[in-house]
Amino acid sequence: MKLWRVLTILVFSLTIFIPVAAFNFDEDAISEIDNRMLAENPFQGEIWGDGDLTKAVENYINDRIGFRDEMILIYTVLNDRIFGKMTHPGYSYGKEGYVFGVGLSRETYGEFHETFAEMVSQIQEYCEERSVPFLFVFNPAKTSVLTEYLPDGINYDHSWVDKFLADLDRRGIHYIDNTVLMKEKTENGELVYNIKYDANHWNDLGAFYGTNNILTALAEKLSGIYINTEEDIIIEECLKTSLPVSRFPIHEMVPQISLDMDYENISSEYEDELILDSRYSGFGYYVNRDQKEKKAPRALVFQGSYMNSYGGKFMINSFGEYIHIHDYQNVINFPYYFNIFKPDCVIFEVAEYTLNNGYFDVERMKAMDLNPVLDEKVLKNSDILKEDLNSENLLIEEGQTLTDILWKTDEKKEYAWLRLGDDVYDFMKTESGFETTVRTKDYATYKGKALEIILLQIMDS
């Protein structure tokens, strides 16, 4: 009996002290089980700010205790096997085995959406003034397409979408909404969203149909875009044994599409020098040799996870050059990327559930002020200045791929441009003047012809 007590105490002690001994003290740690940053030490810096220190400490311990992910997994699997209940922090069960992401949208149309629509309008106007076709793409959440499979008691209301699309119509924005297409394919018996795997996105088949819808709409404005056909794709099935960003076990065959393409990935040439939001640093630059020989256009695509995860390969097969930027926060810095890549067309794609301040900062959107096009009318009202490359007012940081040009000035002008030969680049305001970024090879070509930069500024309004 004494031995049994000793063993009981030993097991109980180990149960307490082993997780404590395995405490996770790493900075910027990310949980594998629910794909989020773990709480930071509340006694370092101002993590808890003016909030509740006790709560901050509790969150830190709960997040950092040893074997946290393993304990969550065991608890989740047991609930699934015994009670048929999903307790995973990132997923929830619907009807007939369907899995959905947590946090089902209950958006209310308001100031954020109006500000977002105004930003899209500004970007479209900017592109059209420069004779570059623009298309906005709205992709539905899985919950909007498969609403009938949501759990009982969930009154899923996305009426705000209708108001948002009406606002786009009122502003004359060119857009497509893939919701109707995804519903049609579903009603025809095609699985464009998996039952379980990847509860937050369409699958490869949905991406094929949705991307072709994008390409078809854009092709009405711009020639040379290749529309993928069923003969271009190879559809196979792939076994998925766990939900994404989790170790929750499943057993599901999902569609997997491949294409036979001749392309080059030159993303690495830009990745070290291109400025991207640290949280959303997705970027890719692909050159399709066959399509480029056929004079297919260069596309600059601001895209979210729908296209990052599944749709991109169809874009590679359709354009001569396909450049994609993770849109969240980055698209607000739109002229920076437009000036560097000089696209033939621009696509801005978002998923329904990303239209919130966490992905697109509303204050930054409100502050957006894009340069007008530098046409003859603007030139007549502008000052044209010339700065020698050796001027102390110029700071030129020449990188392997990109060159930053900073012009220090006290002049209080509203807009400014840089002209290198026939190419025009927007200058963006800084605290000390204006700056812009160009491709190093474009700058080097001009530098070889003349040691001067032409600066144009619109007169104060």
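Thr 211 touches Trp 202, Met 307, Gly 311, Phe 314 and Met 315, leaving aside residues up to four places away in sequence. The residue lies in helix 8, which spans residues 204-219. Its relative accessibility is 0%, so Thr 211 counts as buried. The model is predicted, and these values are computed from it.

**The whole chain**

The protein has 461 residues, and 49% of them are buried. Its secondary structure comes to 15 helices and 18 strands. Among contacts with a separation of 6 or more, 71% link residues 24 or more positions apart. The exposed area is about 23,400 Å². Carbon and sulfur atoms supply 50% of that area.

**Strand 11 and its partners**

Strand 11 covers residues 345-351, and 7 of its 7 residues are buried. Its side chains point two ways. Cys 345, Ile 347, Glu 349 and Ala 351 point one way. Val 346, Phe 348 and Val 350 point the other way. Both sets are buried.

Which strands pair with strand 11 in the parallel sense? Strand 3 (residues 134-139) does so over 6 bridges. Strand 9 (residues 298-303) does so over 4 bridges. Ile 347 features in both pairings: it stands opposite Leu 135, and it is the bridge partner of Val 301.

**Thr 354, after strand 11**

Thr 354 sits in the loop between strand 11 and helix 13 (362-366). Is Thr 354 buried or exposed? It counts as buried, because its relative accessibility is 0%. Thr 354 touches Tyr 328, Tyr 359 and Phe 360, not counting residues up to four places away in sequence. Ala 141 is 213 residues from Thr 354 along the chain, yet their C-alpha atoms are separated by 9.5 Å.

**Strand 17 and its partners**

Strand 17 (residues 433-439) is mostly covered, with 6 of its 7 residues buried. Strand 14 (residues 402-408) pairs with it in the antiparallel sense over 7 bridges. Within that pairing, Asp 404 has Thr 437 as its bridge partner. Strand 16 also runs antiparallel to strand 17, joined to it by 2 bridges. Here Met 428 has Glu 435 in strand 17 as its bridge partner. Strands 16 and 17 form a hairpin, with 3 residues between them.

The strand pairings are set out below.

| Strand pair | Sense | Bridges |
|---|---|---|
| Strand 3 and strand 11 | parallel | 6 bridges |
| Strand 9 and strand 11 | parallel | 4 bridges |
| Strand 14 and strand 17 | antiparallel | 7 bridges |
| Strand 16 and strand 17 | antiparallel | 2 bridges |

**The second largest pocket**

Rolling a probe the size of a water molecule over the atoms shows where empty space is left. The second largest pocket has a volume of about 400 Å³. It is lined by 17 residues. Ile 332, Ala 367, Met 368, Asp 369 and Met 428 lie nearest its centre. Met 428, one of these, is also the bridge partner of Glu 435.

Which strand gives the most to the lining of the second largest pocket? Strand 16 does, with 4 residues. Strand 15 (415-420) and strand 16 (423-429) each supply at least two residues of the lining. By type, the lining of this pocket divides into 10 nonpolar, 2 polar and 5 charged residues.

Key: Residues are numbered from 1 along each chain as its sequence is written. This is a predicted model: local features need pLDDT of at least 70, side-chain atom pairs count only at pLDDT 80 or more; totals for chains, interfaces and linings use all residues. Side-chain values use heavy atoms; hydrogens and water are left out. Buried means under 20% relative accessible area, exposed over 50%, partly exposed in between (1.4 Å probe, protein chains only). Contact means heavy atoms within 4.5 Å. Accessible areas come from the Shrake-Rupley method with a 1.4 Å probe; for residues, only the protein chains shown count as cover. On a 1 Å grid over the protein atoms alone, a cavity is a set of points where a 1.4 Å probe fits but cannot get out, and a pocket is an open set with protein on both sides within 12 Å along at least five of seven lines; lining residues have an atom within 4 Å of a point. Grid points are joined across faces, edges and corners, and a volume is the space filled by probe spheres set on the points. Ala, Val, Leu, Ile, Met, Phe, Trp, Tyr, Cys and Pro count as nonpolar, Asp, Glu, Lys and Arg as charged, and the others, Gly among them, as polar. Two strands pair if DSSP finds at least two bridges between them.
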